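Trainee: Could you choose one part of this model and take me through it closely, step by step? I am new to it, so please explain each term as you go.

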Amino acid sequence: MRNILFSGNIKVFDGILTCMLSIFMRTRSDESYRFYIFTMDVSHLRVDFVPVSDEQIAFLDDVAKSYNKANEVIKIDVTDLYMSEFSGCPNEGAYCSPYTLLRLFADKIPQIPDKLLYLDADILFNREPELLYDIDVTGFEYAAARDHYGKYLLNPNYINAGVLLLNMKQIKQTGLFEKARALIKTKKLLFADQDAIYKSTTRKKMLPQRFNDQKFLHDHTIVRHFSKRLFWLPYPHTANIKQWNVSAVHRIFKYDRFDDILFEYIYLKKKYAECGGLE
């Protein structure tokens, strides 16, 4: 069983669905997957900060089981943990959302296994996910690739926390997430969870950029991360194009190698809507 962690609110459905499909459609392994989704209700902060719904979880679980009956999707509500640890903290209004902080609770959830792959929802696998998951992280807290911009602007080994192969046993021994939570609660950080993890790390394994490519797509790219990026033309600007923005993926990135995944996503999203799901 391979174990994946996502986190987010009701709006991560499209990202999780497309990312899961990329895992199922790129793997060459028969091994099953268990997907954990950390979510919470902090609608007092913003009206759409509500948990991933039970209907969404049930649909994602049905999709997962259509590829392997042993696959499963598990929702874990961490609202109480968040409110006791981070409510009102300096990083609650982080550059993304408070949901980016939820991965820092992985050491406090009893059913979380010793090896876990955390993924942001704006990710597609271009090649076999086992190329990443099966990396040996013995003796390391995690494995991660460099942040595309941070490696130039902050530190050559500054990591992007959107793809983290976690050694939870080691993390509990070193107190990595405990130290990161302490930073989140006491110090305003530019990139919140990512800075907190980076500053609290004892030992990490650095991965080549192909394991988390935030700007380019090559034949050797394993993970394409659709994070916000800088475009120089027709004038310098940033854009946040996600993989579920299918027309923009074709029009701006000129990608067609994800078409099998995205066409299946369009079909399933329509099916979900017909069953009474949210558009």
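Mentor: Let's begin with how helices are named: helices (H or I, at least four residues) and strands (E, at least two) are DSSP runs, numbered from the N terminus. An axis is a line fitted to C-alpha atoms, for helices over the stretch in contact, and angles run from 0 to 180 degrees between N-to-C directions. What you see is a predicted model, in which local features need pLDDT of at least 70 and side-chain atom pairs count only at pLDDT 80 or more, while totals for chains, interfaces and linings use all residues. Residues are numbered from 1 along each chain as its sequence is written, and side-chain values use heavy atoms, leaving out hydrogens and water.

The part I have chosen is helix H1, which runs over residues 13–26. Its first partner is helix H2, covering residues 54–67. The axes of H1 and H2 come within 10 Å, crossing at roughly 10°. The two helices are therefore roughly parallel to each other (angles under 35 degrees count as roughly parallel, over 145 as roughly antiparallel, 65 to 115 as roughly perpendicular, the rest as oblique). On the H1 side, the contact (heavy atoms within 4.5 Å) is made by Phe13, Ile16, Leu17, Met20, Leu21, Phe24 and Met25. From H2 come Gln56, Phe59, Leu60, Val63, Ala64 and Tyr67. Sorted by kind, the residues of this contact are 12 nonpolar, one polar and no charged (Ala, Val, Leu, Ile, Met, Phe, Trp, Tyr, Cys and Pro are nonpolar; Asp, Glu, Lys and Arg charged; the others, Gly among them, polar).

Now turn to another partner of H1, helix H10, residues 259–274. Here too the axes come within 10 Å, but H1 and H10 cross at roughly 130°. H1 and H10 are therefore oblique to each other. H1 contributes Phe13, Asp14, Leu17, Thr18, Leu21, Ser22, Met25 and Arg26 to this contact. H10 answers with Asp260, Ile261, Leu262, Glu264, Tyr265, Leu268, Lys269 and Tyr272. This contact of H1 with H10 holds nine nonpolar, two polar and five charged residues. If you put the two lists for H1 side by side, you will find Phe13, Leu17, Leu21 and Met25 in the contact with H2 and again in the contact with H10.

Let's zoom in on one residue of the helix. Phe24 sits in H1 and is buried, with a relative accessible area of 10% (buried means under 20%, exposed over 50%, partly exposed in between, with a 1.4 Å probe and protein chains only). Leaving out residues up to four places away in sequence, Phe24 touches Phe35, Val63, Ala64, Tyr67 and Asn71. Val63, Ala64 and Tyr67 also appear on the H2 side of the contact with H1. To get a sense of distance, find Ala143: Phe24 and Ala143 are 119 residues apart in sequence, and their C-alpha atoms are 22 Å apart.

What does H1 belong to more broadly? H1 gives eight residues, the largest share, to the largest nonpolar core. A core of this kind is a set of buried Ala, Val, Leu, Ile, Met, Phe, Trp, Tyr and Cys residues joined through side-chain atoms within 4.5 Å. The largest one has 54 residues, and Ile4, Phe6, Met20, Phe35, Leu117, Leu119 and Leu132 have the most contacts inside it. Apart from this core lies another, of 38 residues, including Tyr99, Leu116, Ile159 and Leu166. Ile4 is a good one to follow in the viewer: beyond residues up to four places away in sequence, Ile4 touches Ile23, Tyr33, Arg34, Phe35, Tyr36, Leu116, Leu117, Leu119 and Tyr133. Phe35, then, is touched by Ile4 and by Phe24 of our helix.

For comparison, look at a helix pair elsewhere. Helix H7 (residues 176–186) and helix H8 pack at about 130°, with axes 8 Å apart. That makes H7 oblique to H8. Leu176, Lys179, Ala180, Leu183 and Ile184 of H7 meet Ala192, Asp193, Ala196, Ile197, Lys199 and Ser200 of H8. The residues of that contact are seven nonpolar, one polar and three charged. Ala192, in H8, counts as buried at 1% relative accessibility. Its phi is near 40°, a positive value in a residue other than glycine. Most residues other than glycine have a negative phi.
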